[in-house]
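Open the model in your viewer and keep the selection panel at hand. This tour goes stop by stop.

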Amino acid sequence: ARLGRITKAETTCNYCAVGCRFELYGKDGDVLGVRPADPEATPANDFSTCVKGKFGYDFVDSDDRLTTPLIREGEEFREASWEEAYERIYEELSSIQDQHGDDAVAVTSSSKCTNEENFLNQKFARQVLNTPHVDNCARLCHSSTVTGLKQTVGYGAMTNRINEDIGETDCYLVTGSNTTESHPVLATRIKQNARDGADLFVFDPREVGLAEHATQYTRTNPGEDIAWINGMIRYIIEQDLHDVEFIEERTNHFEELEEKVDPFTPEKVEELTGVSPEELTHAAETIAEADTCIFGWAMGMTQHAHGTRNVLALANLALVTGHIGKPGAGLSPFRGQNNVQGGGGDMGPAPHNLPGYQDQLDDDVADKFADAWGERPPQEIGLRLPEQFDAIVEGDIEGMYIMGENPVLSEPDIRGAEHALEDLDFLAVQDIFLTETAEFADVVLPAASAAEKSGTFTNTERRIQRVRPAIEPPGEARSDLRILCELAEHFGYEWEYDSPADVMDEIADLVPIYGGVSYDRLDEHTDGIQWPCEDADDPGTPYLYEEEFNFDDGKARFVPADYAGPVEMPDEEYPLMLTSGRVLYHWHTGTMTRRTQVSMDHVPESYVTIHPEMAEQLGVENGEYVRATSRRGDIVVKANVADVSDPGVVFIPMHFAQGAINELTQHELDPDSFIPEYKVTSVRIEPL
Ligand code: SF4
């Protein structure tokens with residue numbers, strides 16, 4: 001709607017996957033402000049947005065925005081026309097593929113972008129470039145969630161709703177999530193409900209903000225979660241608190257679980273994890289006896305070399321207690337990026353499945369896509385993101401196309417990622433800023449931000465919601481969707497989409513869980529549609545597995561989680577355990593929030609949180625700069641002395657290019673999901 005020169009759009013937040021909706025106001029190309037949308041709306045924020053949602057839009061008007069295509073000339077970039085930039089990309093990628101084969105090129109997609117853009121990104125990889133190597137940033141945050149939940153319950157997604165289930169449950173187990181900082185509006189739901197009497201158990205190495213509202217906060221040793229979760233399951237079975245009817249009627253393989261959890265006595269759990277028998281058994285009893293329970297987690301559980309097993313253990317706990325498939329209960333991964341569920345998962349920019357988690361090795365599925373596209377997608381498993389970087393070093397990948405990602409900061413080995421990008425014959429990046437990654441590119445394409453384009457995001461509760469533009473993109477910047485369509489044309493493909501709505505129609509045709517989604521319906525249902533939504537008469541699915549799990553026999557599967565601890569343990573040289581996470585005022589690699597005033601005012605630089613006793617032992621004062629060193633590198637960061645963990649545990653946020661934690665982290669991968677071990681690193685801290 002237009003009010004003079006002020007423009008307004010009802011849209012969805014571009015930070016986290018809670019998916020708050022609001023009215024975004026613009027004027028003369030600048031964002032003016034945000035107002036929460038329809039107070040009756042179902043999604044999470046019927047009362048507010050968090051500080052990032054409300055004040056985090058300075059980056060849109062930043063002078064750093066890319067406004068024209070750039071082409072590298074020596075050490076510098078020069079401005080170029082769109083035509084020249086597209087032609088260069090076409091020539092370089094085609095030449096690499098002619099010389100080295102189609103799979104010498106890899107594509108990276110982004111959960112910041114819309115569903116439609118992610119769908120077209122993987123189509124560009126599979127149809128236009130004919131390469132199986134397409135992946136996205138979900139590999140680095142919740143791929144272990146997807147892998148674990150697919151094995152146990154069928155869909156790699158949150159099973160329940162935010163408001164009606166997370167907001168109304170009787171009991172919570174929240175672990176590996178700093179919810180008040182990473183998913184603030186969702187955390188408010190939990191805090192309110194806990195104040196009203198719900199039991200809240202927080203298990204975490206750090207005393208995160210939610211702990212203040214908890215019935216019981218339990219400090220755990222970093223990386224030892226399988227042990228205490230298996231211990232809870234063992235205790236629940238031993239005390240006959242498990243849901244026998246649910247287990248018999250709705251699950252398979254319970255006996256295998258019983259056997260595998262047997263060694264995890266309360267004493268063994270205490271030895272491994274620091275969790276006392278009293279804390280373990282009290283939480284286990286309360287969870288098992290509650291009418292409903294929500295199991296919430298984030299990257300503290302997923303970003304481990306055994307991340308999938310952590311998720312399997314949580315799924316087993318939910319199944320053994322029967323807390324799934326009914327209102328107020330469920331498995332609730334708190335996904336990160338605004339559109340990581342949709343763009344990073346559902347749309348299939350992943351090397352092992354087609355959109356909608358459809359098996360690309362299945363001939364019927366491949367035939368369906370071949371009929372629609374006129375080309376059969378590659379029927380092989382491509383390389384996951386960290387493997388793509390290894391393949392560059394080994395000379396197997398020579399060209400890369402990156403949409404909206406910043407792997408130079410997000411890959412676990414920054415120096416390795418930089419060297420890999422330097423080794424490439426050709427790199428194209430489309431983004432809104434000249435990111436740390438774009439600086440390595442041969443061609444950079446200026447993209448529109450979420451405030452400037454149309455599409456859909458799918459939030460962490462599988463809710464598909466509209467994104468609408470409040471202002472025009474700056475200069476010559478274009479939406480990622482338009483860029484992909486125009487680029488495909490340079491490769492000889494006529495993609496005939498008049499609008500993102502047309503792309504959604506194709507998604508609905510090819511992806512059964514989105515089968516009934518259309519822009520007409522989304523405009524009518526302003527609170528979005530939760531998938532699976534199979535046809536135009538399907539209202540969507542608020543919570544999963546009421547009748548059956550997503551397997552042929554309709555039954556969930558217990559998949560026991562074998563014990564694994566941290567890959568790297570402290571020793572004399574590196575005596576401290578470093579863990580990482582988000583802070584309220586910043587977002588992921590900081591591309592947006594490091595250009596946002598309110599974020600920089602509150603947290604202007606990286607830091608390391610050190611326990612007061614350890615700070616005294618090390619001779620470190622609050623606010624002074626220290627060196628953090630791991631087996632892989634060292635960084636200089638400011639000391640923040642605070643009592644939020646054991647003295648042997650320190651914390652560094654993930655958002656900064658200076659003092660970047662990924663100079664220290666390790667490249668060890670989870671063998672099931674290929675997520676790197678970000679969460680436990682041995683370090684030493686020294687005063688400068
Ligand atoms: Fe945006 Fe998440 Fe904050 Fe909601 S909670 S306003 S979605 S960052």
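In what follows, a helix axis is a line fitted to C-alpha atoms over the stretch in contact, and angles run from 0 to 180 degrees between N-to-C directions. The model is predicted.

**Stop 1: α2 against α20**

Select residues 82-100, helix α2, and residues 480-490, helix α20. Their axes come within 9 Å and cross at roughly 55°. Angles under 35 degrees count as roughly parallel and 65 to 115 as roughly perpendicular, with oblique for the rest short of the antiparallel range over 145. So α2 is oblique to α20. The crossing of these two helices is right-handed.

Now show side chains. Which residues of α2 meet α20? They are Tyr86, Glu87, Ile89 and Tyr90. On the α20 side, look for Glu486, Leu487 and His490. Colour this contact by class: four residues are nonpolar, one is polar and two are charged.

**Stop 2: α3 against α20**

Keep α20 and add residues 115-128, helix α3. The axes of α3 and α20 are 9 Å apart, at an angle of about 20°. That makes α3 roughly parallel to α20, because the cut-off for this label is under 35 degrees. Is the crossing left-handed or right-handed? For α3 and α20 it is left-handed.

From α3, pick Glu116, Glu117, Leu120, Asn121, Phe124 and Val128. From α20, pick Asp480, Leu481, Leu484, Leu487 and Ala488. By class, the contact of α3 with α20 has seven nonpolar, one polar and three charged residues. Leu487 of α20 is worth a label: it appears in the contact with α2 and again in the contact with α3.

**Stop 3: α3 against α21**

Drop α20 and bring in residues 500-510, helix α21. α3 and α21 pack with axes 9 Å apart and an angle of about 65°. This crossing is left-handed. Asn115, Glu116, Phe119 and Leu120 of α3 meet Pro500, Val503, Met504 and Ile507 of α21. The class split for α3 with α21 is six nonpolar, one polar and one charged. Glu116 and Leu120 of α3 face α21 here, and they also belong to the contact with α20.

**Stop 4: the domains**

Zoom out and colour by domain. The assignment gives domain 1 (2-61), domain 2 (70-140 + 365-530), domain 3 (148-333) and domain 4 (576-687). Note that domain 2 is listed as two segments. The C-alpha centres of domain 2 and domain 3 are separated by 36 Å.

**Stop 5: the ligand**

Select the ligand and its shell of 14 residues. Which residues come nearest? Cys13, Cys16, Cys20, Cys50 and Gly53 do. Two elements give two or more residues to this shell: α1 (51-55) and α7 (184-195). The shell holds eight nonpolar residues, five polar and one charged. Domain 1 and domain 3 both contribute to it, so the ligand lies between them.

**Stop 6: two backbone details**

Go to aspartate 28, in the loop between β3 (21-27) and β4 (30-36). Check its phi: near 50°, a positive value in a residue other than glycine.

Then jump to tryptophan 531 and proline 532. What kind of peptide bond joins them? The bond is cis, with omega about 0°. Proline 532 is in the loop between β20 (529-530) and β21 (556-557).

Notes:
Residues are numbered from 1 along each chain as its sequence is written. This is a predicted model: local features need pLDDT of at least 70, side-chain atom pairs count only at pLDDT 80 or more; totals for chains, interfaces and linings use all residues. A residue is near a molecule or strand if its C-beta atom, placed from the backbone, lies within 6 Å of it. Helices (H or I, at least four residues) and strands (E, at least two) are DSSP runs, numbered from the N terminus. Ala, Val, Leu, Ile, Met, Phe, Trp, Tyr, Cys and Pro count as nonpolar, Asp, Glu, Lys and Arg as charged, and the others, Gly among them, as polar. Domain bounds come from an automatic or database domain assignment. A crossing is left-handed if the near helix is turned anticlockwise from the far one by less than a right angle, and right-handed if clockwise. Two residues are in contact if their C-beta atoms, placed from the backbone, lie within 7 Å.
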